[in-house]
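Here's a quick briefing to read alongside the model on your screen. Have a look around first, then work through the points below.

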Amino acid sequence: MTLVEGRNRQIRKMMEGIGYKVVKLHRVEFMGIRLTGLRGPGDWAYLDEDEMKLIEDVLSKGNE
């Protein structure tokens, strides 16, 4: 299942609505930044220049 934009617990609520229980979710991307290579909760990685530019652009739009 791919969710492009969602609300809190949206996938869990949708699946519950058709009789399924979500046991585990895995986020693969956030704000256009791929999260592959991270080993699990608490793991982190440095952002490259393109990723930093993306974040700076998003943050600057919030101040307009």
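**An aromatic pair, a helix and two pockets**

There is one aromatic pair in this structure. The ring centres of Trp-44 and Tyr-46 sit 4.9 Å apart with the planes at 80°, so this pair counts as edge-to-face. Keep in mind that you're looking at a predicted model.

**The aromatic pair**

- To call a pair edge-to-face, the planes have to be over 60 degrees apart, and the 80° between Trp-44 and Tyr-46 fits that, so the label holds.
- Are these two residues, Trp-44 and Tyr-46, buried or exposed? Both Trp-44 and Tyr-46 are exposed.

**Helix H2**

- Helix H2 covers residues 49-62, which makes 14 residues.
- At 1.5 Å a residue, H2 should span 20 Å, and its end C-alpha atoms are indeed 20 Å apart, so the two values agree.
- Look at the start of H2: a side-chain oxygen of Asp-48 comes to within 3.1 Å of the backbone nitrogen of Asp-50.
- Val-58 is one of the residues in H2.
- The relative accessible area of Val-58 is 40%, so this residue is partly exposed; that class runs between 20% and 50%.
- Val-58 and Met-31 are 27 residues apart in sequence, while their C-alpha atoms are 8.8 Å apart in space.

**The largest pocket**

- How big is the volume of the largest pocket? The figure is about 770 Å³.
- Its lining is made up of 19 residues, and those nearest the centre are Leu-3, Ile-11, His-26, Arg-27 and Glu-29.
- Helix H1 (10-17) and strand E1 (29-30) each put at least two residues into this lining.
- Which element gives the most to the lining of the largest pocket? That's H1, with three residues.
- Sorted by class, the lining of the largest pocket has eight nonpolar, six charged and five polar residues.

**The second largest pocket**

- The second largest pocket holds about 200 Å³ of space.
- This pocket is lined by 14 residues, with Ile-33, Arg-34, Leu-35, Ala-45 and Leu-47 closest to its centre.
- Strand E2 (33-34) and helix H2 each supply at least two residues of the lining of the second largest pocket.
- By class, that lining has 10 nonpolar residues, three charged and one polar.

Definitions and conventions:
Residues are numbered from 1 along each chain as its sequence is written. This is a predicted model: local features need pLDDT of at least 70, side-chain atom pairs count only at pLDDT 80 or more; totals for chains, interfaces and linings use all residues. Side-chain values use heavy atoms; hydrogens and water are left out. Rings of Phe, Tyr and Trp (its six-membered ring) pair if their centres lie within 6.5 Å; planes under 30 degrees apart count as stacked, over 60 as edge-to-face and the rest as tilted. Buried means under 20% relative accessible area, exposed over 50%, partly exposed in between (1.4 Å probe, protein chains only). Helices (H or I, at least four residues) and strands (E, at least two) are DSSP runs, numbered from the N terminus. The expected span of a helix is 1.5 Å times one less than its number of residues. A polar contact is a pair of N or O atoms within 3.5 Å; within protein, one must be able to donate a hydrogen and the other to accept it, and residues adjacent in sequence count only if both atoms are side-chain atoms. On a 1 Å grid over the protein atoms alone, a cavity is a set of points where a 1.4 Å probe fits but cannot get out, and a pocket is an open set with protein on both sides within 12 Å along at least five of seven lines; lining residues have an atom within 4 Å of a point. Grid points are joined across faces, edges and corners, and a volume is the space filled by probe spheres set on the points. Ala, Val, Leu, Ile, Met, Phe, Trp, Tyr, Cys and Pro count as nonpolar, Asp, Glu, Lys and Arg as charged, and the others, Gly among them, as polar.
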